[in-house]
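Please examine the sequence and the structure shown below. The questions that follow concern backbone geometry, overall form, salt bridges and the principal pocket.

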Amino acid sequence: MGDFWLPEAASTIAPEVDGLFLFVTAVSLLFLVGVTGAMLYFVYRYRRQDPSERPAPVEESRALEVSWIVVPTILVLLVFNWGFKSYVKMNTDPSGTYEIQVRAQQWNFLFEYPNGVTSDTLYVPEGEEIKMRMSSSDVLHGFYIPAFRVKYDILPNRYTSVWFEATKQGDYNLFCTEYCGRDHSEMGKVVRVVSQQDFQDWLESAATPTDIPLPQLGERLYTQRGCQSCHSLDGSRKVGPSFQGLYGTTDHTMADGSSVTADENYLRESILKPEVKIVEGYQNLMPGAYSNLSERELSGLIEFIKAQSDKDPPASDAQTASVSASN
Ligand code: CUA
């Protein structure tokens, strides 16, 4: 467990980072106490006790001057050397590392494994060097696992990477640490460190069977591809319209005043080219990253959205509908 000072340390690099952090903190504290203590003592010791008192001129002390140049120089170089070594180690991928792709988008992380498995929880084996190859579909995001002491920016149009070796099984937090829009604070995931055997078992079980029914495939994609961060299933309003009762709506009002029928073709177009038809009251904020869905995945998502249509449409849409009907 973590303590008052630091979160739990669960990677090979963590003790090194913590050691340096604690060293810098201890040295700073020593100087704070020493300098403040000396100052308070001198204020008292050399206070003027008689209005006519004039202090004698102070002679310079060579030893004192040399010491306050040499000691801090040594300390600073020590910290530099220590920090630089750790920095180089953290930024040089060991050879033969297992690579996991990280795709960040507003407001979701997706992890993709070498065998094609995608997951929205980051599963990693214990005791193995893992490299994260990271890219962003839209804006600047951050990749931060406090327990592993790794943190790096994820940029659009460029790959960045970090590596780590987890040392303790368990669940840890993963955060986005660059302000990336409305739901930045919600952009967190779980890192699950498991034994190497459990990791292999999970990898096999998570591989999407080709015969998984379409609505189930859609449901899986709904969370994995981050649809759920913008589209609710219960009618509540998020960045995008809710999927509840969406399919089959015949008077779905668009921003330009036209109205469309929410059929399969409309859903398909809205997933692949979200900018073409914008629903009234919403903005064009959907990432274009879904154009790489396979035909089967696309069908799965559409079937999943269709399955949400037997529920009642949300109250706000019903209102919109009655207003446009009276016009
Ligand atoms: Cu992504 Cu903040």
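Q: In which loop is W107 found?
A: This is a predicted model, in which local features need pLDDT of at least 70, side-chain atom pairs count only at pLDDT 80 or more, and totals for chains, interfaces and linings use all residues. Residues are numbered from 1 along each chain as its sequence is written, and side-chain values use heavy atoms, with hydrogens and water left out. The peptide bond from Q106 to W107 is cis, with omega near -5°. Helices (H or I, at least four residues) and strands (E, at least two) are DSSP runs numbered from the N terminus, and on that basis W107 is found in the loop between β1 (98-105) and β2 (108-112).

Q: Is R149 buried or exposed?
A: R149 is not a glycine, yet its phi is positive, at about 60°. This residue is found in the loop between β6 (141-145) and β7 (150-154). Buried means under 20% relative accessible area, exposed over 50%, and partly exposed in between (1.4 Å probe, protein chains only). With a relative accessibility of 11%, R149 counts as buried.

Q: Is N157 buried or exposed?
A: N157 also is not a glycine, and has a positive phi of about 65°. Its place is in the loop between β7 and β8 (160-165). At 82% relative accessibility, N157 counts as exposed.

Q: What is the radius of gyration of the protein chain?
A: The secondary structure comes to seven helices and twelve strands. The globule rule (2.2 Å times the number of residues to the power 0.38, with the radius taken over C-alpha atoms) gives 20 Å for 327 residues. The chain is well over that value, so it is more spread out than a compact globule, its radius of gyration being 29 Å.

Q: What percentage of contacts between residues at least 6 apart in sequence join residues at least 24 apart?
A: The C-alpha atoms fill a box of roughly 95 × 55 × 35 Å along the principal axes. Contact means heavy atoms within 4.5 Å. Among contacts in the protein chain between residues at least 6 apart in sequence, the share joining residues at least 24 apart is 64%.

Q: Which residue forms a salt bridge with K306?
A: A salt bridge is a side-chain nitrogen of Lys or Arg within 4 Å of a carboxyl oxygen of Asp or Glu, and the whole structure holds 13 of them. The partner of K306 lies three residues away in helix α6, a separation of about one helical turn. The closest N and O atoms of this pair are 3.4 Å apart, and the partner is E303.

Q: How far apart are the closest N and O atoms of E269 and K277?
A: E269 is partly exposed, with a relative accessible area of 25%. K277 is likewise partly exposed, at 30%. These two residues form a salt bridge, with their closest N and O atoms at a distance of 2.7 Å.

Q: Which element gives the most to the lining of the largest pocket?
A: A pocket is an open set of points on a 1 Å grid over the protein atoms alone, where a 1.4 Å probe fits, with protein on both sides within 12 Å along at least five of seven lines; lining residues have an atom within 4 Å of a point. The largest pocket holds about 550 Å³, the space filled by probe spheres set on the points, which are joined across faces, edges and corners. Of its 32 lining residues, the closest to the centre are H231, P241, S270, P274 and M286. The elements giving two or more residues are α5 (264-272) and α6 (295-307); with four residues, the element that gives the most is α5.
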